[in-house]
Amino acid sequence: MNDHSQLDSQFAWHTLAVPQTLERLETNAQIGLTLQQVSARQAQFGPNEIQETGGRTPLEILIDQFTNVMLLMLIAVAFVSGILDIQDGDFPKDAIAIFLIVILNGVLGYLQESRAEKALAALKNMASPLVRVIRDGKTQEIAAKELVPGDVMLLEAGVQVSADGRVIEASSLQIREAALTGESNAVTKQVTLTLPENTSLGDRLNLVYQGTEVILGRAKVVVTKTGMNTELGRIAAMIQGVESEPTPLQQRMTQLGNVLVTGSLILVAFVVIGGTLVNQSAFRDLLEISLSMAVAVVPEGLPAVITVTLALGTQRMVKRNALIRKLPAVETLGSVSTICSDKTGTLTQNKMVVQRVQTASYSLRVTGEGYEPLGEFKIENPSPSGNGHAPGIASEQLQNDPEVRSLLLTCVLCNDAQLQEEKQQWTILGDPTEGALLALAAKGQLEQKKLTRQMPRVGEFPFSSETKRMSTICQQPSSEGAYAMYTKGSPELTINRCTQIQQGAEIKPLTAEKRKEILNQNDLMAAQGLRVLGFAYKPLTDVFPADTSQQEAEQQLVWLGLVGMLDAPRPEVRAAVAKCRQAGIRPVMITGDHPLTAKAIASDLGIAQSGDRVLIGQELEQLSQPELEQQVERVSVYARVSPEHKLRIVKALQSRGQFVAMTGDGVNDAPALKQADIGIAMGITGTDVSKEASDMVLLDDNFATIVAATEEGRVVYSNIRRFIKYILGSNIGEVLTIASAPLLLPVADVPLTPLQILWMNLVTDGFPALALAVEPPEPDVMKTPPNSPRESIFARGLGLYMVRIGIIFAILTITLMGWSYDHATKNYNEILQPDRWKTMVFTTLCIAQMGHAIAVRSKTRLTIEVNPFSNPYVLGAVVITTILQLMLIYVEPLRNFFGTQVIDGLELLVCLGFSVLMFVWIELEKLFVRWYKSRKKA
Ligand code: ATP
């Protein structure tokens with residue numbers, strides 16, 4: 001291999017036949033590579049990864065920090081302030097400090113953002129697909145990135161191909177290559193071809209490509225190219241750094257920044273131009289006031305706090321088994337108003353146990369639990385048209401009855417699962433529905449290994465959610481004829497293909513009356529919440545010609561009977577459904593199962609309520625999209641639907657203004673998952689294709705996890721709103737205080753320097769804001785209806801709150817400013833101890849924010865009603881920030897740097913007194929709202 005390795009990245013593998021391919025790759029179709037070969041090749045070829053060109057480089061992340069319009073304005077302020085100071089012969093302290101803080105803010109933002117990007121990359125890794133390979137003669141699952149050329153990879157329907165490869169064995173292998181060729185129709189792959197070198201990508205029918213999707217069938221493939229050498233890798237290398245989309249919240253924040261900057265620039269222009277027109281000599285003072293206002297209006301710490309909040313949100317969600325694949329989902333999950341969920345595995349446990357069997361002559365109850373092949377067949381009551389066996393008949397005798405035996409045989413031969421015993425625990429490998437059928441057959445002493453050896457499978461029509469059935473063609477033991485086809489699937493569809501029925505050892509015509517009776521039995525079982533499958537078979541003299549369709553093959557079958565299995569609801573789902581309803585979220589069941597089965601389980605779980613409709617796939621097909629939109633809000637169960645119906649359902653719900661979360665696991669669910677506002681894939685049973693299309697992956701496949709993630713989404717969003725309220729309220733207070741100083745005081749002086757404002761916005765606001773980001777949920781978080789994802793950041797009173805609290809802040813500080821200016825000029829020598837009043841204003845603004853931080857924790861509950869230790873970070877931040885603020889006044893170097901003055905005990909007390917009023921005001925507001933609401937109710 002080493003001698004051709006130079007060539008391999010470009011080698012045209014489609015020109016080689018299978019044996020030459022294996023030889024060139026020095027591998028073996030049965031044994032795969034040895035572990036030594038694997039490690040040598042891993043060293044040679046590196047990991048099988050596509051290097052992301054979409055992500056930003058560290059330098060780009062750093063530069064992005066400084067392209068923010070608010071930071072640019074600060075830089076401009078620093079320049080002007082520096083020039084003013086130098087003109088005056090002063091050291092440009094403010095300018096340097098602003099620069100430093102701009103840089104610090106940039107670096108902090110950089111660290112947080114690159115951490116968030118890394119965390120997201122790590123999450124992606126967790127969701128990265130596993131691949132089944134043969135190495136050292138053993139089948140094993142490895143991470144896709146460990147694949148090397150020469151690995152023998154096993155593909156089946158639903159997986160995404162993880163490397164380029166040559167097909168060496170295939171059964172009905174169909175692959176969708178839209179990701180590479182844009183062709184959405186699936187391509188059937190073939191083993192025996194060798195193709196000319198210039199064959200185009202789409203026509204290389206003996207190769208499979210990384211990133212394409214297996215739609216149907218199974219195959220064994222030898223890996224030829226990995227990582228950036230694959231066709232997908234080549235395309236990825238060609239695409240230049242695609243910008244990653246900003247999330248809705250980032251967009252809102254940019255908008256907010258623009259509004260604030262524009263607003264402050266207008267204000268600055270107004271103050272400077274207007275003020276100078278009135279009094280030309282005040283230009284310098286006014287300019288300084290304007291600079292401070294410009295600094296005050298910008299919430300410098302906000303972007304960093306938001307980034308941290310989202311990153312923490314994804315971590316909390318992952319702890320609750322919800323893996324976020326796309327960051328905006330964290331913010332928008334809280335807005336979900338309808339959850340469309342699959343039934344099997346998500347609402348139910350997906351642990352099937354067969355409970356009933358119905359053949360032409362018998363109605364049987366099957367005992368036993370789980371997949372353990374221990375249990376008995378008991379006659380419930382003889383079928384009315386049956387041969388009248390007495391109920392006392394023994395279990396073994398029943399198993400050997402020809403009609404029961406034929407049905408059990410079909411259970412085994414038309415089956416892709418395997419029953420296994422490990423440490424006395426019976427488990428299944430494969431689909432639980434099929435596992436339950438194997439357990440049933442084993443209870444009837446039919447052993448899978450032996451039968452599949454005696455009657456090897458020579459052909460198949462695999463199961464799909466569209467056809468809702470599958471068939472296999474198996475060779476027969478010589479005495480019984482050449483071949484037989486075994487079919488199982490949805491009873492209505494399977495019986496439609498039958499013309500005869502087996503009764504005892506005889507084959508009889510299937511009369512219309514009998515057909516009706518069977519469908520009634522099916523309905524009776526389904527109404528008990530059982531999942532029912534129908535069984536049939538047909539003797540064949542020969543295998544079908546290669547191009548026979550499933551439709552053509554499954555004709556004139558012999559009906560064998562029905563099997564009903566119980567798939568119990570997940571115990572936690574009932575409570576989750578109730579929580580949804582309280583939270584104004586409507587749960588909807590979408591299933592491929594029988595309408596009565598679906599209805600029984602939906603009613604049991606509280607999903608279907610009186611007056612709700614069940615809509616069947618066939619009915620849905622008859623409806624136009626506008627008609628479906630009319631009905632969609634009354635339907636809580638969709639049954640016997642195909643994946644393409646899901647897309648129509650999502651669209652109809654969205655057109656009614658719903659914000660839809662939709663689950664899916666199959667390949668064909670991908671379009672619906674993409675269309676849904678929150679596409680949710682199953683972590684355990686989901687196909688790679690569905691995961692790739694999703695916003696979120698349920699690590700435990702559980703409906704209750706969706707509800708938990710929605711709750712976390714609401715908590716994240718409400719915390720973001722909470723600290724925006726907190727931060728911007730103070731910004732508005734600062735601006736108003738600064739603007740009012742020249743109006744109210746006899747001097748046109750700036751109460752706060754840009755440096756002090758930066759300190760407030762970054763440190764004294766920043767710390768408590770970070771603490772508020774981890775505020776636990778309010779008790780009513782899942783008791784209020786969802787909020788629109790499109791609502792403005794100022795919606796639901798937030799804008800009003802900010803302005804109101806900003807004004808209260810300003811009134812308090814301005815009153816204090818009046819008092820302290822008066823007090824300072826009367827009692828102190830302005831030359832020896834200048835600007836004491838300014839330090840008092842600065843201190844009051846900072847400390848008042850501490851009261852605000854404590855009070856803003858709850859919108860409705862008074863502070864004494866909130867456990868102070870339920871978020872100890874707020875208390876911690878308040879204590880630390882207060883100490884830091886006092887250090888700025890009482891530690892000399894800091895005092896000199898920040899331009900503060902020592903204030904005495906009385907002055908400090910006055911500051912504290914005014915600050916407490918802020919807290920009192922917010923608490924009074926809560927009391928007022930409470931009183932107002934109770935009066936309205938009365
Ligand atoms: P959900 O969409 O909620 O997961 P589901 O699992 O019932 O529901 P599908 O897996 O699409 O949906 O199955 C649809 C129908 O196809 C089932 O009701 C059953 O009748 C039939 N079916 C399911 N699994 C098999 C199988 N392995 N072989 C044959 N028929 C099957």
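Guide: Welcome! In what follows, Ala, Val, Leu, Ile, Met, Phe, Trp, Tyr, Cys and Pro count as nonpolar, Asp, Glu, Lys and Arg as charged, and the others, Gly among them, as polar. This is a predicted model, where local features need pLDDT of at least 70 and side-chain atom pairs count only at pLDDT 80 or more, while totals for chains, interfaces and linings use all residues. Residues are numbered from 1 along each chain as its sequence is written, and side-chain values use heavy atoms, leaving out hydrogens and water.

Visitor: How many charged residues does the shell around the ligand have?

Guide: Residues belong to the shell if one of their heavy atoms lies within 4 Å of the ligand. There are 19 of them, with K343, E434, R531, T591 and R640 the closest. Four are nonpolar and six polar, and the charged ones number nine.

Visitor: How far from a nitrogen atom of the ligand does a polar side-chain atom of E434 lie?

Guide: A polar contact here is a pair of N or O atoms within 3.5 Å. D431 places a polar side-chain atom 3.2 Å from a ligand nitrogen. For E434, the distance to a ligand nitrogen is 2.9 Å.

Visitor: Which element gives the largest share of the shell around the ligand?

Guide: Strands are DSSP runs of E, at least two residues long, numbered from the N terminus. Those that give two or more residues to the shell are β17 (483-489) and β20 (531-540). The largest share, three residues, comes from β20.

Note on methods
A polar contact is a pair of N or O atoms within 3.5 Å; within protein, one must be able to donate a hydrogen and the other to accept it, and residues adjacent in sequence count only if both atoms are side-chain atoms. Helices (H or I, at least four residues) and strands (E, at least two) are DSSP runs, numbered from the N terminus.
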